[in-house]
Amino acid sequence: MPLLRRPQTCSPLLFALLALCAGCGRGGKPDLLWGQRGLKQGDFVRPRAIAIDTTGERDELYIVDFSGRIQVFTPEGEYLRGWSTPTIINGRPAGLGWGNGGTLLVADSHYSRVLVYSREGNLLRECTAQPGEGPGPIAYVSDVVQDDEGSFYLSEFGDEDRIRKLSPEGRYLKHWGTHGSEPGQLARPRALALGADGLLYVADNCNHRIQVFTRQGEFVRAFGRHGSGSGELSYPYDVTFDRTGHLLVAEYGNHRVQRLTTTGAPRGEWGGAGREPGRLHSPWGVAVDRRGRAFVLDTENHRVQRFGF
């Protein structure tokens, strides 16, 4: 599928207004999209997670898909490099995070571990549970983030639904959460994001809400309920922050991305089920570059869409 670029007949002022309106309601158009189903460089098979490295001279997008490949792109959709995770016999990674020191964190979900890669794709280390440590083996790990002190946070589900905190060395520190729908309980937590307020935001997927915790595991608040209205959620699969400090939530069930305040007040949405540009089919991920543009994994359409604000 060709890249969508700025129309030559569109005046700079009109294009800026259109970009600002993207995401103000369903049907906002992307300023760029790329990808189609396939295994060639730049193609995707159900892209599952995205992380953006904003620490270098230029932003770079890291995307893992259902084939187990991690592909790296410029923000203009140009393929740079790629590699595959060690094995996908049991399943594929479901989460990516950007770690301290310029490392890519991979939630190797079905193998109950976190893989740590260099920017070039060299495997640097693995984080796994040590025998007799903490609450036991790591379950299905859906996402991973690292704070400014170096601690890792893993979202897990399976026999237990919980958040696990590890030291910078990968040793168990603590965990919190059990399966359920009460405040502080979780149902298949899908994604994590650390806010500028120092709090951990959790996409509590099957409870159709976002839960907020301190980094010590204390419950702070929750917002969202099952539905398709503004501020309601249906299977939130990913959560990140934009440059204004608002949350962007990719909703698998509503085929959209919402912008919310950190207390859950709606501030815009875009998407809706479909295949034309601006429409989404079961999005799994969303990330923001240093220019504030949102990149959405349009998973079942096997492509990436970029929205400017």
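Let me begin with one residue, Thr299, which counts as buried because its relative accessibility is 0%. Thr299 is found in the loop between strand E23, residues 294-298, and strand E24, residues 303-307. Leaving aside residues up to four places away in sequence, Thr299 touches Arg46, Pro47, His281, Ser282, Pro283 and Trp284. Please keep in mind throughout that what we are looking at is a predicted model.

From there I would like to turn to strand E4, which covers residues 69-73. Five of the five residues of E4 are buried, so this strand is largely enclosed by the rest of the structure. As background, in a regular strand the side chains alternate between the two faces of the sheet. In E4 both faces are covered, with Arg69, Gln71 and Phe73 buried on one side and Ile70 and Val72 buried on the other.

Which strands pair with E4? One partner is strand E3, residues 60-64, which is joined to E4 in the antiparallel sense over four bridges, and here Leu61 stands opposite Phe73. The hairpin of E3 and E4 has four residues between the strands, and in that hairpin Gly68 takes a positive phi near 85 degrees. Another partner is strand E5, residues 79-84, which runs antiparallel to E4 and is joined to it by five bridges. Within that pairing, the bridge partner of Val72 is Arg81 in E5. The hairpin of E4 and E5 has five residues between the strands, and there Gly77 takes a positive phi near 85 degrees.

Next, a sheet further along the chain. Four strands form an open, antiparallel sheet in the order E6-E7-E8-E9. E6 and strand E9, residues 123-127, stand at the edges with a single partner strand each, so one side of each is left without a neighbour in the sheet. From one strand to the next, the twist in this sheet averages 25 degrees. Looking at one pairing in detail, E6 and strand E7, residues 103-108, are antiparallel and share five bridges, and Gly99 stands opposite Thr103 in E7.

The loop between E7 and strand E8, residues 113-117, holds Ser112. Most residues other than glycine have a negative phi, and most peptide bonds are trans. Ser112, although it is not a glycine, has a positive phi of about 55 degrees. Is Ser112 buried or partly exposed? At 23% relative accessibility, Ser112 counts as partly exposed.

Tyr235 can be described in similar terms, since it has a positive phi of about 55 degrees although it is not a glycine. Tyr235 lies in the loop between strand E17, residues 219-223, and E18, and with a relative accessible area of 34% it is partly exposed.

That loop leads us to E18 and its sheet. Four strands form an open sheet in the order E18-E19-E20-E21, and the pairing is antiparallel. Strand E18, residues 236-241, and strand E21, residues 266-271, stand at the edges, and because each has a single partner strand, one side of each is left without a neighbour in the sheet. The twist here averages 20 degrees from one strand to the next. Strand E20, residues 256-260, is joined to E21 by four bridges, the two strands running antiparallel, and the bridge partner of Val257 is Trp270 in E21.

Finally, I come to the largest pocket, which has a volume of about 960 Å³. Which residues lie closest to its centre? Of the 44 residues that line the largest pocket, the closest to its centre are Ile52, Trp98, Val145, Leu194 and Thr240. The elements that give two or more residues to the lining are strand E2 (49-53), E6 (95-99), strand E10 (140-146), strand E14 (189-194), E18 and strand E22 (285-288). By class, the lining is made up of 21 nonpolar, 12 polar and 11 charged residues.

Let me close with one of those central residues, Thr240, which lies in strand E18. Why does Thr240 count as buried? Its relative accessible area is 18%, and the cut-off for buried is under 20%, so Thr240 falls on the buried side. Not counting residues up to four places away in sequence, Thr240 touches Ala193, His246, Leu247, Leu248, Val286, Ala287 and Val288.

Note on methods
Residues numbered from 1 in each chain as written. Predicted model: local features only at pLDDT ≥ 70, side-chain atom pairs only at ≥ 80, totals over all residues. Heavy atoms only, no water. Pairing = 2+ DSSP bridges. Axes fitted to C-alpha atoms, helices over the stretch in contact; angles between N-to-C directions. 1 Å grid on protein atoms, 1.4 Å probe; cavity = no way out; pocket = protein on both sides within 12 Å on 5 of 7 lines; lining within 4 Å. Points joined across faces, edges and corners; volume = space filled by probe spheres on them. Nonpolar A, V, L, I, M, F, W, Y, C, P; charged D, E, K, R; others polar. Buried < 20%, exposed > 50% of the residue type's maximum accessible area, 1.4 Å probe, protein only. Contact = heavy atoms within 4.5 Å.
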